[in-house]
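Me: I would like to know how some of the structural labels for this model are justified. Please set each one against its criterion.

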Amino acid sequence: MTAQILDGKATAAAIKSELTARVAALKERGVTPGLGTVLVGDDPGSQKYVAGKHRDCAQVGIASIQRELPATATQEEIEAVVRELNEDPACTGYIVQLPLPRGIDENRILELMDPDKDADGLHPMNLGRLVLNEPAPLPCTPNGILTLLRRYGVEIKGAEVVVVGRGVTIGRPMPLLLTRRSENATVTQCHTGTRDLAAHLKRADIVIAAAGSPHLVRPEDVKPGAAVLDVGVSRNAEGKIMGDVHPGVAEVAAWISPNPGGVGPMTRAQLLVNVVEAAERSAG
Ligand SMILES: Nc1nc2c(c(=O)[nH]1)N[C@@H](CN(C=O)c1ccc(C(=O)N[C@@H](CCC(=O)O)C(=O)O)cc1)CN2
């Protein structure tokens with residue numbers, strides 16, 4: 001068996017074309033959505049992701065607001081930019097690109113954002129709303145993964161899902177989305193402290209690997225017919241992406257997300273969805 005590809009690039013393109021019409025409709029009503037990004041430092045990966053977010057904005061007609069600070073920026077300097085975006089009416093939603101440089105209190109920065117402008121769904125109030133099952137912008141990567149699974153008809157209801165990782169952008173929120181009554185999946189969260197990862201993986205109908213550990217998920221650990229999503233990003237000496245999933249898994253799984261070209265483009269598409277939905281809410 002060779003797995004069907006969960007094509008994030010194509011799915012994101014379809015979402016963007018649908019959003020283009022919604023943005024045009026908003027503009028006719030006098031509302032121009034504007035996405036702000038705060039990029040601190042010179043991490044090449046973060047620079048690339050932020051550039052991609054602004055390219056996407058241009059494609060669908062969302063205005064771009066870019067703020068860049070050097071790696072030496074202080075906590076106070078970053079907070080000043082966050083306060084400025086909170087007040088800027090042209091900025092209808094924004095993100096602070098993570099991770100922030102060492103020594104910066106990331107949680108304090110997230111907490112300082114206006115929760116109504118939080119396009120990432122990572123403000124503590126919005127994460128709390130998710131826990132409480134209240135409407136909130138949803139974290140982009142987990143929501144992008146769900147969208148991809150739905151588009152390809154992967155059964156989520158009743159599925160045994162293993163999430164590997166516990167970071168704020170994927171690992172923490174992913175089980176919150178999957179265990180809502182609307183999804184009804186059963187989730188096991190694994191991490192670096194998990195004693196026997198292989199034993200958990202072998203039982204999973206859906207594997208979401210977000211550990212940042214190259215080829216952590218091996219073919220022999222995957223249940224035949226499973227869906228495997230590779231969210232890990234490590235780079236080899238040539239700068240090529242090494243995912244968390246061994247290429248041999250494609251011979252065992254029924255569905256697999258490529259990396260690149262799988263979850264990454266969906267993260268960006270889902271960010272645009274959050275920006276457009278917030279603008280539609282504000283337009284009434
Ligand atoms: N504030 C946030 N910071 C970070 C998030 C996030 O959702 N919000 N997630 C990741 C990085 N990320 C988005 O910001 C992101 C990662 C990957 C991609 C992407 O399109 N990747 C391409 C490959 C690009 C390459 O060659 O490097 C792909 O997978 O095809 C987009 C966004 C951490 N930080």
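Me: What makes α7 part of the cover over the buried residues of α5?

Reply: The model is predicted. Contact requires C-beta atoms, placed from the backbone, to lie within 7 Å, and what covers the buried residues of α5 includes α7 (173-178).

Me: Which residues of α5 are called buried, and what makes them so?

Reply: In α5 (residues 124-131) they are N126, L127 and L130. A residue is called buried because 20 or more other C-beta atoms lie within 10 Å of its own, so N126, L127 and L130 meet that count.

Me: How do you know that they are on the same side of α5?

Reply: N126, L127 and L130 cover an arc of only 100° around the axis, which puts them on the same side of α5. In general, an α-helix has 3.6 residues a turn, so residues three or four places apart point the same way.

Me: Which residues does the face turned away from the buried side carry, and why are they called exposed?

Reply: That face of α5 carries G128 and V131. The exposed class has a limit of 12 or fewer C-beta atoms within 10 Å, so G128 and V131 fall under that limit.

Me: Why do β2 and β4 count as paired?

Reply: Pairing takes at least two bridges, and four join β2 (residues 34-40) to β4, so the two strands pair. They run parallel. The bridge partner of T37 in β4 is I95.

Me: Why are β3 and β4 called edge strands?

Reply: The open sheet has the order β3-β2-β4. Both β3 (63-69) and β4 (93-96) pair on one side only, so they are its edge strands.

Methods
Residues numbered from 1 in each chain as written. Predicted model: local features only at pLDDT ≥ 70, side-chain atom pairs only at ≥ 80, totals over all residues. Arc of directions from axis to C-beta. Contact = placed C-beta atoms within 7 Å.
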